[in-house]
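This report describes a ligand site and a few features of the backbone and side chains. Please look at the sequence and structure shown here first.

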Amino acid sequence: MADEVVLLGFWLSPFGMRVRIALDEKGIKYEHKEENLQYKSPLLLKMNPVHKKIPVLIHNGKPICESLVIIQYIDEVWKDTCSLLPSDPYLRAQARFWADFIDKKIFNCGRRTWMSKGEDNEAAKKELIESFKVLEGELGEKPYFGGENFGYVDVSLIPFYTWFYSTETFGNFRMNAECPKLMAWAERCLQKESVSNSLPFQQRVYHSFGQMRMNFGNE
Ligand code: GS8
């Protein structure tokens, strides 16, 4: 029986983009259901009753929640195609460590940078650039975080490329000047169809973030 794969997502979510990229990398056919996060569907509330958040992958009727957990699940279930995580246990642990760093640092500092103003904005921007530089150190001279092949850490980080224009504009800095290696890595990732097909345009994201800033009274 063919697998039934459904993804509950939202176009602006970097976490949903991770799952789309992983599914595309593996060549898995799936149905994407766009959620309205203001009015969550009964299906989302049923499939993720704990956090009530997207993304949720529904595989043959069973839900898997949390983007990093979902990517690991996809990698374990569809093993015959490319591997996203390395097979060596130590390297797997390292890959998980960096994905966790991305969630804790890049997501949080990035959000604070495009959301805030004044002193908060300066502090968030500083921490964001420092975190990007840490990632540049980890990347080193490798084409991808996992080495020669696009893998788990790349999938975890590349959706934040869609935030670059917003963080640069609201944070008043230039990614090219601060983190040239990371920019080159991002351009490399964008050559992959799995990535370019899954990421919305930076300007569209910027427009949405601008509206959120207004709603929070930061404009
Ligand atoms: C984060 C998912 C998330 O924040 C993951 O999957 O990795 N740690 C989780 N989802 C957001 C949309 S993206 O900002 C969401 O569903 N928000 C709805 C809500 O908070 O009500």
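How many nonpolar, polar and charged residues does the shell around the ligand have? By class, there are four nonpolar, two polar and three charged residues in that shell. Ala, Val, Leu, Ile, Met, Phe, Trp, Tyr, Cys and Pro count as nonpolar, Asp, Glu, Lys and Arg as charged, and the others, Gly among them, as polar.

The model is predicted: local features need pLDDT of at least 70, side-chain atom pairs count only at pLDDT 80 or more, and totals for chains, interfaces and linings use all residues. Residues are numbered from 1 along each chain as its sequence is written, and side-chain values use heavy atoms, with hydrogens and water left out.

**Ligand site**

Around the ligand are S13, F15, L37, K40, K53, I54, P55, E66 and S67, each with a heavy atom within 4 Å of it. The table gives polar contacts of the ligand (pairs of N or O atoms within 3.5 Å).

| Ligand atom | Protein partner | Distance |
|---|---|---|
| oxygen | K40, side-chain N or O atom | 2.5 Å |
| nitrogen | I54, polar backbone atom | 2.9 Å |
| oxygen | S67, side-chain N or O atom | 2.6 Å |

Taken alone, the ligand exposes 530 Å², of which the protein buries 73%; accessible areas come from the Shrake-Rupley method with a 1.4 Å probe.

**Backbone features at the site**

I54 and P55 are joined by a cis peptide bond, with omega about 0°. P55 is in the loop between α2 (42-47) and β3 (56-59). Helices (H or I, at least four residues) and strands (E, at least two) are DSSP runs, numbered from the N terminus. E66 is not a glycine, yet it has a positive phi of about 80°. This residue, E66, lies in the loop between β4 (62-65) and α3 (67-77).

**Salt bridges**

The structure holds 11 salt bridges, each a side-chain nitrogen of Lys or Arg within 4 Å of a carboxyl oxygen of Asp or Glu. One of them joins the side chains of E25 and K192 (3.9 Å, N to O). E25 lies in helix α1 (residues 14-26) and K192 in the loop between α9 (180-190) and α10 (193-196), so the pair ties together parts that are 167 residues apart in sequence.

Note on methods:
Polar contact = N/O pair within 3.5 Å; in protein donor to acceptor, adjacent residues only side chain to side chain.
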